[in-house]
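Visitor: I have a structure open and want to learn how to read its features. Can you take me through them one at a time?

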Amino acid sequence: MLSGTVVAISVPGDGSVSGEHVVGTAAIVVAFAVFSFLVRWGGSRLKRRFSALAVESLQAVVAAAAVVAAAVAVANLWGAAGTLAFIRETVRISQADVIAIVLSVAFAVAGVVAIRLLNRFVHLLAERPGAVSKHHEEVAQHVVQFAVVILVFFLVLAAWKVPPDSFVLGASVVSVVLGFAARQTLGSVLAGFVLLFSRPFEPGDWIVVEEDEGIVQDVSVVQTELKTFDDEVVLIPNDIVTSTKVINRSRNGRLRVNLDVGVDYDADVREAADLAEEAMQGLDPVMERPTPHVVLSEFGGSSVVLRCRFYIENPSARRLWNAKTAVIESIKAEFDDAGITIPFPQRTVSARDGDVALAGPPAPDVGDVDGNGESDGEGENAENGDDDESSDSESNDGEDGVEKQE
């Protein structure tokens, strides 16, 4: 058995590559490939007896160690041992630093494994009938992740022998700086936890937030994802969601729909309302209970408005549109059979009895009028001329009469 012997193989001084380097590198690559295959093959067998999450975590650790070992072997083969020693001496990592690094990596890996295992455990609990809802599962997973990350962080500080009091002082200063620099982001994060715990809506609900309307796809710690009815994805920060009015159309499992129909003033309004109620009954999208009904809404400009009120279950945009289409078609057919008219917008014009005084200046005299409606004075002359001509004609008529008498 050989011990304490270091075999160093270096590249020739002229920079040429020998066959031993090529063969040795190929052997290392083949060995790494075979080892990776065995790790994967063994993992598939272990998953049958142990948790898949634990086996995958173990595979990740073993694969990382194999990569590091293969890299070190290739470095020694090509004469990089001296380079590695020079790096170690330059950096001057002490034994305590090496231990702290190893512990930090170990704590980080353990934290990742713990998060995956705990999330898997929460998921298994959520799969039991009546245990917890999907929303509670998401909340529990976020809390677990946050708690494990905080624990790992303090363990890493302990590995590097950082005093807690100095950390608290530094954390206070950093928290103040971050509070001013990222107050909006922090507000969204806090609002996200409020939404996760208060649960005003869940993924799959139909909600309206200000001008955005759609189906909730996901609720994260920072933002809420909506999918609109135009297949657009809208991301709304959680601080906006918590600071504005949110309408949840899916909360009660049913939704009331109002549909206005106008009938002519000459029609029998009570008969029209009864026909509309009968038309809404028996339609597939419309719920039988509560019973659909009609109320008189208002006197419109051209018609008496009837408001048809009915309910749909499991509200969605498609069910709403289908219900409205079916109700409109049914009411239109009933009104056509009964001869009830749905009038177009119309306007009645009537004249007043008696003379109507028109306000404004008097009409201009007959004559030439310019574009501004003002007379140029020739009209007056024309009128004077007409008076003169009339007086002349009268005088001539008088003379003619005298001559006739003679």
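Guide: Start with one side chain. Glu56 is partly exposed, at a relative accessible area of 31%. Keep in mind that this model is predicted.

Visitor: Why does Glu56 count as partly exposed?

Guide: Buried means under 20% relative accessible area, and exposed means over 50%. Glu56 has 31%, so the label is partly exposed.

Visitor: Which side chain does Glu56 meet in a salt bridge?

Guide: The general idea comes before the case. Side chains of opposite charge can pair when their charged atoms come close. Here Glu56 meets Lys47 in a salt bridge, with 3.4 Å from N to O. Lys47 is partly exposed too, with 35% relative accessibility.

Visitor: How many salt bridges does a search of the whole structure find?

Guide: The search finds eight. Take Glu213 and Arg249 next. Their closest N and O atoms are 3.5 Å apart. This pair links distant parts of the chain, 36 residues apart. Glu213 sits in strand β2, residues 212–219. Arg249 sits in the loop between β5 (246–248) and β6 (254–263).

Visitor: How accessible are Glu213 and Arg249?

Guide: Glu213 has 27% relative accessibility and counts as partly exposed. Arg249 also has 27%, and counts as partly exposed.

Visitor: What about a salt bridge inside one helix?

Guide: Look at Asp274 and Arg270. They form a salt bridge, with the closest N and O atoms 3.6 Å apart. Both lie in helix α9, residues 269–280. They are four residues apart, about one turn of the helix. Asp274 is partly exposed at 33%. Arg270 is partly exposed at 46%.

Visitor: Which residues are joined into one network by salt bridges that share partners?

Guide: Lys47, Glu56 and Arg116.

Visitor: Now strands. How do I read the side chains along one?

Guide: In a regular strand the side chains alternate between the two faces of the sheet. Strand β3, residues 223–227, is the case here. Thr224 and Leu226 point to one face and are buried. Gln223, Glu225 and Lys227 point to the other face and are not buried.

Visitor: In which sense do β2 and β3 pair, parallel or antiparallel?

Guide: Antiparallel, over four bridges. The two strands form a hairpin with three residues between them. Val216 stands opposite Leu226 of β3.

Visitor: And how many bridges pair β3 with β4?

Guide: Five, again in the antiparallel sense. Strand β4 covers residues 233–237. Val233 in β4 is the bridge partner of Lys227. The hairpin of β3 and β4 has five residues between the strands. In that hairpin, Asp231 takes a positive phi near 60°.

Visitor: Last feature: the nonpolar surface. Which residues form the nonpolar patch?

Guide: Val61, Ile101, Val105, Val109, Trp160 and Val162. Together they have about 460 Å² of accessible area. Helix α4, residues 95–126, gives the most to this patch, with three residues.

Visitor: Why can Val109 belong to the patch?

Guide: Patch residues need over 30% relative accessible area and no salt bridge. Val109 has 36%, so the area condition is met. Val109 is partly exposed, and lies in helix α4.

Key. Residues numbered from 1 in each chain as written. Predicted model: local features only at pLDDT ≥ 70, side-chain atom pairs only at ≥ 80, totals over all residues. Heavy atoms only, no water. Patch = residues over 30% accessible without salt bridge, like charges linked within 9 Å, V, L, I, M, F, W, Y side chains within 5 Å. Areas by Shrake-Rupley, 256 points an atom, 1.4 Å probe, with all protein chains shown as cover. Salt bridge = Lys/Arg side-chain N within 4 Å of Asp/Glu carboxyl O. Buried < 20%, exposed > 50% of the residue type's maximum accessible area, 1.4 Å probe, protein only. Pairing = 2+ DSSP bridges.
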